[in-house]
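Please open the structure in a viewer and keep the selection tool at hand. The tour proceeds stop by stop, stating what to select and what is found there.

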Amino acid sequence: MVGLELQDDRAYAVALDDTGRILGRAQVTSKDLASAAASALDGAVAAIGGAAPGLGIAAFNPESADVQAVLRALARRYAGPFLHEGAVASGTAAAVAEAWIGAARDVRDVIFFAIAEHASAGILRDGSPLAGAHRRAPAVGWLALNPVEREDYRKSGCLEAEVAAPGIVRRLVWRIKAGDHSRVQDRVDGELAAITVDHVLEAARQGDGVAISVVRDTAKYVGMAAANLVVVADPGVLVLGGIVATAADLLLELVRSEIARRLPPARMQALTIAPAALGAEGAAIGAAKLAAPALQ
């Protein structure tokens, strides 16, 4: 089986056997998302003899025009009932993967929550993905956490504007423009537009006070959002992915502490919190797993 995740300008593809062992993988970045998807699939499928026995597709925004164009292009190359049902949300696919072979292996009730270029989440109830009446759940980026409304909240949602990678960078830049000095400025020779989330995280590791403050604020928002998801879905395991997992040394315990501060003690004691185990390939793996029933 083969899984594909579509991001803004990047496609990840994996080919797996029925135990979840990865047989081939490919990652392609291009402004032409359809071309990136086709090239990534070709790379992954080559590892299993050049035929895709089943194809599942995940995307952060499955309804976007770019994703729909990719689906139409791929439908001309790959047959299969799952493909024609469209793409599943990346967070949902990642939740499936982590419950299959990842940090929540064999757990039936799981929440996956990640921050990266976007904020995404997925919920499994009794082993089945929760998609919602319009296949849009859980659109975690739209969680309203800050009572002070900002214009960018109307474009991408409160949580996403605050904690996705561009939001983290934006908050550091605001602090610099307000007069705080960060060693990040020196790293980019004063070119604030060149700052990335990796600059912020590395500066925090090196003891930069402004970056540490931004990281702590990020953890607060992530913990608040995670606690909200937990009280609604009551999972056995909360899997934290994206930056929280890759920068666990900075964020994981801060997020855990914020969740504990927000939840009743009995809820917190019953909850297992784990960093994601499958990294950037999680959504593609989950998409492949979801495609498997269509083969039977």
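Begin by selecting leucine 6, which stands opposite alanine 11 in strand 2. Before the next stop, please note that this is a predicted model, in which local features need pLDDT of at least 70 and side-chain atom pairs count only at pLDDT 80 or more, while totals for chains, interfaces and linings use all residues. Residues are numbered from 1 along each chain as its sequence is written, and side-chain values use heavy atoms, with hydrogens and water left out.

**Stop 1: strand 1 and its partners**

Select residues 2-6, which form strand 1. Helices (H or I, at least four residues) and strands (E, at least two) are DSSP runs, numbered from the N terminus. Is strand 1 enclosed or open? Five of its five residues are buried, so strand 1 is largely enclosed by the rest of the structure. Here, buried means under 20% relative accessible area, exposed over 50%, and partly exposed in between, with a 1.4 Å probe and protein chains only.

In a regular strand, side chains alternate between the two faces of the sheet. Colour Val2, Leu4 and Leu6 for one side of strand 1, and Gly3 and Glu5 for the other; both faces are covered.

Add residues 10-16, strand 2, which runs antiparallel to strand 1 and is joined to it by five bridges. Two strands pair if DSSP finds at least two bridges between them. Strand 1 and strand 2 form a hairpin, with three residues between them.

Now add residues 55-59, strand 4, which pairs with strand 1 in the parallel sense over five bridges. Two positions are worth labelling: leucine 4 stands opposite isoleucine 57, and the bridge partner of glycine 3 is glycine 56.

**Stop 2: the whole sheet**

Which order do the strands take in the open sheet? Five strands are arranged as 3-2-1-4-5, with mixed pairing. The edges are strand 3 (22-29) and strand 5 (88-89), each of which pairs on one side only. Select residues 33-45 next: this is helix 1, which packs on the sheet and touches strand 1, strand 2, strand 3 and strand 4. Its direction makes about 25° with that of strand 2.

**Stop 3: aspartate 8 and serine 120**

Aspartate 8 lies in the loop between strand 1 and strand 2. Not counting residues up to four places away in sequence, aspartate 8 touches Leu33 and His118; contact means heavy atoms within 4.5 Å.

Move to serine 120, in strand 7 (residues 119-125). Serine 120 is buried, with a relative accessible area of 15%. Leaving aside neighbours within four places in sequence, its contacts are Phe60, Gly91, Phe112, Phe113, Ala114 and Val140.

**Stop 4: proline 147**

Select proline 147, in the loop between strand 8 (128-129) and helix 5 (153-156). Is this residue buried or exposed? Proline 147 is exposed, at a relative accessible area of 81%. From its C-alpha to that of alanine 203, the distance is 29 Å, and the two are 56 residues apart in sequence.

**Stop 5: helix 9 and helix 10**

Select helix 9 (residues 197-205) and helix 10 (residues 209-233), which pack at an angle of about 110° with their axes 8 Å apart. Axes are lines fitted to C-alpha atoms, for helices over the stretch in contact, and angles run from 0 to 180 degrees between N-to-C directions. The two helices are therefore roughly perpendicular to each other. Angles under 35 degrees count as roughly parallel, over 145 as roughly antiparallel, 65 to 115 as roughly perpendicular and the rest as oblique.

Show Val200, Leu201, Ala203 and Ala204 of helix 9, then Ala211, Ile212, Val214 and Val215 of helix 10, to see the residues that make the contact.

The buried residues of helix 9 are Val197, His199, Val200, Leu201, Ala203 and Ala204. They pack against helix 7 (165-177), helix 8 (183-187), helix 10, helix 11 (243-246) and helix 12 (248-262). Just after helix 9, glycine 207 takes a positive phi of about 90°.

**Stop 6: helix 10 and helix 12**

Finally, keep helix 10 and add helix 12: their axes come within 8 Å and cross at roughly 45°. That makes helix 10 oblique to helix 12.
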